[in-house]
Amino acid sequence: MTSLVSARNVSKSFGALHAVDDVSFDIEKGRIMGLIGPNGAGKTTLLKAMLGLTDCQGSLSVLGLDPFRQRRELMQNICFIADVAVLPRWIRVDQLLDFLESVHPRFSRSRAEELLAKTDINSKSKVRQLSKGMVTQLHLSIITAIDAKLLVLDEPTIGLDIIFRKEFYGNLLNDYFDGERTIIITTHQVEEIENLLTDVMFINHGKVVLDAKMDDIPERYVELLTSGDNAAKAQQFSPIYEREVFGKKVFTFEGVDRDQLTGLGELRTPDIADLFVAKVKGGSA
Amino acid sequence: MIRNQIALLRREFWEHRAIFFVPVIVAVLMVLTSLTGQVSIGQMEHVDIGILGATNMPDNARSAALSGLMIAVSSTFVFAMWILTIFYSLDSLYAERKDRSILFWRSIPCSDFETVLSKLLTAMFVIPLVTFIIIAATHLFVLLNVTIWVDLRGGSVWHLIWSAAPFVDNWTATLVFLLALPLWLSPFIGWFLFVSAFTKRSPLLMAALPIVMLPLLEKILFDSAVFAETFFVRSVKMPLFVGLDNMEILFQEGDEFARLAEAKLSLMSLMDLGGFLSDPQLWLGIIVCGLFTAAAIYVRRYRDES
């Protein structure tokens, strides 16, 4: 069984609001899955359910465990960064390492120290004395030093400048990801992680609107840049979304053969951000 | 489980440095006060006579006087310790939610039960033990200070102070008292932990409100005082000492003091530990504390913090 996360008809409601609405999906081992959705789409609720931080209906299994009822066992094999600001501000870096060494069976202190040696972080510094970027470096370093099967990142780079963001994802790939581990990541800055992902899942109004391997995207989706009569012809292939760029029309098609569109204009594979807009806005239109 | 608990207790000690600093500050103040002579000689005339080297004072009275001095020192710490315990308990599950670090703490393999337990153990045992160690050290400093004073006046410090001070009895009794107090007051500690776990703002106010309002409402609506008496008795009447009120012993003077002096030679003999531990009120309190703590664990576990 290679399915690390398995969700069947998972729902979570807050009163009348269906934050997660009858969602089913699988995440396989060794993948980097991007979970993308507008604010309030249910991403964080879904992540919380996977982390055992909130209960939900339906059947959800993470690493073969029920996340809510077996959270303690689960946490030995999962790491998560909720966002950059959650390391306790009063703790000293060496105290953090001491603590993790005592409570986390899979934490390697020497690995963490090795990673921290590459940064400007002093082991006697308190978290509150570090810049936001350094706190993220610290958090990623300790998490990289935990031999966990699944890493969940919820907006890990929010509020960081571009240099730290690039460095964060660079380190994530170089130090953390080894093809065995699995990463689930949510972010608003889709463009920055696009090349990192092996899988992508769009979520809107609590529903999964797209669940695909990145390699399959070019086959399933195509974007046509055109104008005039060709635009009218393109309409016949029922695009899922259309927009205007510099007076030209851009159509997004799903499941339409590229050969059929050849000659109508410029064809290309939509990037994730455009595809996201197409699926979310097109779906609600 | 035990390894986790030790790590979690260390964590409390790192986070809440007041556990250490509050008694240390009290200790420094006590030593300074002792240096200026206010506590050790200025105010307590009986001690004064003993220390002046008056041989007319019987040995047991001198021992009692020294024990009285030690109690005077300890009682200041007891007050500070209870204030510290209140603030610690109220902050323990609130601070992590306020700075959102709860998301980090919940990402490590420690259960909510283990975490809340570490907070309860800190309030019930760690704070009293740390306070005790610092009290004992303060006793030694204060007595050392008195020693210098006596020595300068040609008194026999061994005879008058070090062989006279009932260290074993006084320290045992102090430790028993420091550990018994949070047990007796445990329903309050449980309540504070629960408030700390659920309140969105101002835990102190939220915790104090029912303690003040319930007796008041009861008085207005039913003209009875069940709540008021329960809270009051719980607050001041710990059934650990027999025959003597634990406050009374500190403040008597004159003949009454002389009578108490004899008794005070052995603080342990004034305590009825068996009676205390078999008092149903104590166990009722511990059950209430357990229920509040369970509620705190439940809230930490089930509340969605988003």
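Two strands count as paired if DSSP finds at least two bridges between them. I needed that before looking at strand partners in this predicted model.

**Entry 1: first sheet, chain A**

I looked up where Lys12(A) sits and found it opposite Val20(A) in S2(A). I then checked S2(A) against strand S1 (residues 3-14) of chain A, and the two pair in the antiparallel sense over eight bridges. I traced the whole sheet: it is open, has three strands in the order S2-S1-S4 of chain A, and its pairing is antiparallel. I noted strand S2 (17-28) and strand S4 (57-62) of chain A as the edges, since each pairs on one side only. I recorded an average turn of 15° between neighbouring strands, direction ignored. I also found helix H1 (residues 43-50) of chain A packed on this sheet, where it touches S1, S2 and S4 of chain A. I put its direction at about 60° to that of S2(A).

**Entry 2: second sheet, chain A**

I went on to an open sheet of four strands in chain A, ordered S11-S12-S10-S13 with antiparallel pairing. I listed its edge strands as S11 (241-245) and S13 (266-268) of chain A. I got 20° for the average turn between neighbouring strands here, direction ignored. I counted three bridges between strand S10 (residues 221-226) of chain A and S13(A), which run antiparallel. I looked up Leu225(A) and found Glu266(A) in S13(A) as its bridge partner. I saw helix H9 (residues 228-235) of chain A packed on this sheet, in touch with S10, S11 and strand S12 (248-254) of chain A. I noted about 20° between the directions of H9(A) and S12(A).

**Entry 3: chain B against chain A**

I asked how many residues each chain gives to the contact. I found 28 from chain B and 35 from chain A. I noted a buried area of about 2800 Å² between the chains, with 60% of it from carbon and sulfur atoms. I checked which three residues of chain B contribute most to the area it buries against chain A: Trp14(B), Phe104(B) and Pro109(B) supply 24%.

I then turned to the polar side. I found seven residue pairs in polar contact across the interface, both residues at pLDDT 80 or more. I listed the elements of chain B that give two or more residues to its side: helix H1 (2-15), helix H7 (102-105), helix H8 (112-152) and helix H18 (280-302). I marked H1(B) as giving the most, with eight residues. I sorted the residues on the chain B side into ten nonpolar, five polar and 13 charged. I counted three salt bridges between the chains, and one that I looked up joins the side chains of Asp98(A) and Arg10(B) at 3.6 Å, N to O.

Conventions:
Residues are numbered from 1 along each chain as its sequence is written. Chains are lettered from A and ligands numbered from 1 in the order in which they are written. This is a predicted model: local features need pLDDT of at least 70, side-chain atom pairs count only at pLDDT 80 or more; totals for chains, interfaces and linings use all residues. Side-chain values use heavy atoms; hydrogens and water are left out. Contact means heavy atoms within 4.5 Å. Buried area is the accessible area (1.4 Å probe) that two parts lose on being put together, summed over both. A salt bridge is a side-chain nitrogen of Lys or Arg within 4 Å of a carboxyl oxygen of Asp or Glu. A polar contact is a pair of N or O atoms within 3.5 Å; within protein, one must be able to donate a hydrogen and the other to accept it, and residues adjacent in sequence count only if both atoms are side-chain atoms. Ala, Val, Leu, Ile, Met, Phe, Trp, Tyr, Cys and Pro count as nonpolar, Asp, Glu, Lys and Arg as charged, and the others, Gly among them, as polar. Axes are lines fitted to C-alpha atoms, for helices over the stretch in contact, and angles run from 0 to 180 degrees between N-to-C directions.
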